[in-house]
Amino acid sequence: MPLILDHVCQIYNADTETPVKALDDVNLVIPEGQFIGVIGHTGSGKSTLIQHMNGLILPTSGSVYFNGRDITDKDFDKKELRKHVGLVFQYPEHQLFETDVFEDVCFGPKNMGMSKKETELAAFEALRKVSFPEDLYYASVFELSGGQKRRAAIAGVLAMKPDFLILDEPTAGLDPVGRCEILDMVSELHRSAGITIILVSHSMEDVAMYVERVIVMDKGRVAYDDVPREVFSHSEELEQMGLAIPEPAKITRELLKRGFDVDPGVLTSSEAADSIYKALTKNR
Amino acid sequence: MIRDITIGQYYQTKSVIHRLDPRVKLLGTLLFIIALFTYNNPVGYIIGIIFLCTVIKLSHVPFKFITKGLKGIILILCFTVLINLFLTPGTPIIAFWKITITYEGLAVAFSMILRLTMLIMGSSIVTLTTTPNNLTDGLEKGMGFMKIFRVPVGDVAMMMSIALRFIPILLEETDRIMKAQLARGADFESGNIVKKAKALVPVLVPLFVSAFRRAGDLAMAMEARCYRGGDGRTKMKPLVYKKRDAIAYIILFTFVIVSIWLGRWSVITDFFRSIYMNLFGCPL
Amino acid sequence: MSMDIVKTDNLVFEYIRRDDEGNPVDVTTALDHVNIDVKQGEFVGILGHNGSGKSTFAKHLNAILYPTDGTVIVNGMNTTDDDKLWDVRSSAGMVFQNPDNQIIGQVVEEDVGFGPENLGVPTKEIWSRVEESLRAVGMLEYRLKSPSRLSGGQKQRVSIAGVLAMHPKCIILDEPTAMLDPSGRKEVVRAIRGLNDVEKMTVILITHYMDEVVHADRIFVMDKGKVVMQGTPKEIFSDVPALKALRLDVPGPTRIAWELKQKGIPLPDGILTCEELVREIEKCR
């Protein structure tokens, strides 16, 4: 059951002199099982976009279909939608409110009407999936480190057992290792649990290594929607949108211009090193 | 809902009233309100209304904007009217069951409506034409005499301006947390009042936590920038009276004196009574 | 010229957790014999992952925290000297992480004026200081805007201007870019470099983004409350394995250069920027 956005527009302050077109005719099909990256400059509409996917914002015009049903229908059960499409906001640790981690993770499944036993089982499973340290399950939220809080918050959404998991800047404010750990964890969720992942980021480098499809948002429109290699080949256009292409790709591009036989579509520094090494040794 | 409250909102435009010193406007409102409550004949109200309308006209704030502020007090207004209408003793007009409406009641109710609407409109004008900053500056300077009574006027003014600065930030934050909890299946709409209040816990707890964190951060930032209370501070924009402020004071005092003098029914009736006495030699 | 603006001597700071009766239950050593000195006009980077003690260190320079042991000297004054508290704070200006939680004014220029107002600077001079500070960070045209209408990067530049207006001897920036997007980061880093290059301001930049300090004069790397590496960017970044072991990310070009070197390409140590790398690779052709 794919998620379909059909000619979705969102206009804020429509009745004032300064209407803001946050989304402008967005058409997307998100089939199950994909790992998608959504990138865009601040204000490009990416946050607005993802909130349409689980009915937190309804389109001004156009439709969002989930499971073949229009989510704007009056009798459509939004709670049911939110169970299937989990959304983890930016700095999700700011939403923690219960006395201990475990209780907080239980909040979602409890709201979904699961029985006590199901709820606790789901919470355990979710905490395990985000590799939250076991000895801290019943710790107070205030005793946790930044990275641990974030894991707990992600578990809180995961415990509802969503089929789609949307994460808005899950690595914001973390240090490099913390960033890698979270991204690896998300990638593992996709691989082992088969959850469809939509990763929102303004950092190309985060996204490049993991995703199979990149959606680039610019001024409320979908600027590109393709595999990472293809998207990053539009480096000049991306830079105009305020997005920097990953540094490895920037370097190989520069070398290509200077006559080296390197691959301009590399995504990681190891790939870049390999490609440059090949070019250098071939010339010899 | 929150948007309907015009008190405390600023309407940006250029006008004489906008340029006036906030102290003039604050004292003006105070005197206006005092005057309102001394009137006991239509003449006073008529002068008051003319004065208010002139000020509104001069302020270039659309009339619609000012009446918006009245929406919030409709309930209070109705309540006072009903109380006064039914509970004022005097000559009955209509009497049925246990309820009597008297001439006096009608008069009191009518004057209460006038007073309250004029009061709200009058004070809205001040906030609509004065930036919050200017307003706190005015209060600080105008209340300066309170320092004798060891009231830390400067600190209180600083607190007010910080509160005003953080209101939009906290509103935004509330919105974000509500959405995050909605995404976890929270339900803020269904159920009775108790259930609705309970549903707010997951919003209020994180909101308080965040407000405290912000307060801590801000206190640290202020200390780092050498804030040590109101004493010994200089002002970037000190309040200085201009010629127009002097003129405004003169107009203001004239209005207050004249309207109170004419607005007291007894003053006028006594006047006519004495003429009648002199002309015809017997009381009216 | 070579006067030390900041000098710490065996600085130790311990967080003591107490139980309900006030008895100490747990002691965490956040700073462990830290010796850092910063000379006038220098650009010093302090690197470390979250929890390495770098923010705790920053708070000592502004007398927000006091050392458990050792001394902190700022502009010749001991931070524990109560009489000098406000002199210390006005000579070591601080910019914090969260742009929303350090802007006090409701208009950009009024926020920048806040520091000088506290210092009792005469009105006329406040105006000139505000103008020059906003100009230094390229925010002069936004002087009448409300801070809430600005982007994160712009807010941080306003915060920097707010500190500049106090005419400090040095500016300490505690992870000023951690909450910004890439373009916001770039504009803030550019503003910071400008301060150091043009205004000759002493800058201490605390961050976990390596690429922000490649232009620094010296770098200190902190881990578990200790200074574990120090030197020029070239020296620091040539030891890629050591940085990785410290949970730090190495700038992209440096990483690629290092990997190429492992493969046997003769590249020099400590390549920091894309341009440098491209140039060196061309030499290998």
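**Exercise 1. How much area do domain 1 of chain B and domain 2 of chain B bury between them, and what percentage of it is on carbon and sulfur atoms?**

*Solution.* Step one is to fix the two parts in this predicted model: chain B is divided into domain 1, made of residues 1–130 + 243–284, and domain 2, made of residues 131–240. Step two is to read the area for this pair, and the answer is that domain 1 of chain B and domain 2 of chain B bury about 860 Å² between them, with 74% of it on carbon and sulfur atoms. Step three is to describe the side that domain 1 of chain B turns to domain 2 of chain B: the elements that give two or more residues to this side are α2 (22–36) and α6 (103–129) of chain B, and its residues divide into five nonpolar, three polar and three charged.

**Exercise 2. Describe the contacts that join the two domains of chain B, and say how far apart their centres lie.**

*Solution.* Begin with the residues, counting those with heavy atoms within 4.5 Å of the other part: eleven residues of domain 1 of chain B are in contact with eleven residues of domain 2 of chain B. Next, look for particular kinds of pair, where the count of salt bridges between the two domains of chain B is zero, while one residue pair is found in polar contact across this interface. Finally, the C-alpha centres of domain 1 of chain B and domain 2 of chain B lie 32 Å apart.

**Exercise 3. Work out which parts of chain A take part in the contact with chain B, and which charged pair links the two chains.**

*Solution.* First, establish the extent of the contact, which takes 21 residues from chain A and 16 residues from chain B, and in which the two chains bury about 1600 Å² between them, 63% of it on carbon and sulfur atoms. Within chain A, the residues that lose the most area to chain B are His94(A), Gln95(A) and Phe97(A), which together account for 33% of what that side buries.

Second, search for the charged pair: the interface of chain A and chain B holds one salt bridge, in which the side chains of Arg184(B) and Asp104(A) meet at 3.0 Å, N to O. The count of residue pairs in polar contact between chain A and chain B is five.

Third, assign the side of chain A that touches chain B to its elements: α2 (78–84), α3 (101–111) and α5 (146–158) of chain A each supply at least two residues, and the largest share, four residues, comes from α3(A). By class, this side of chain A has eleven nonpolar, seven polar and three charged residues.

How values were computed. Residues numbered from 1 in each chain as written. Chains lettered and ligands numbered in written order. Predicted model: local features only at pLDDT ≥ 70, side-chain atom pairs only at ≥ 80, totals over all residues. Heavy atoms only, no water. Domains from an automatic or database assignment. Buried area = accessible area lost by both parts, 1.4 Å probe. Salt bridge = Lys/Arg side-chain N within 4 Å of Asp/Glu carboxyl O. Polar contact = N/O pair within 3.5 Å; in protein donor to acceptor, adjacent residues only side chain to side chain. Nonpolar A, V, L, I, M, F, W, Y, C, P; charged D, E, K, R; others polar.
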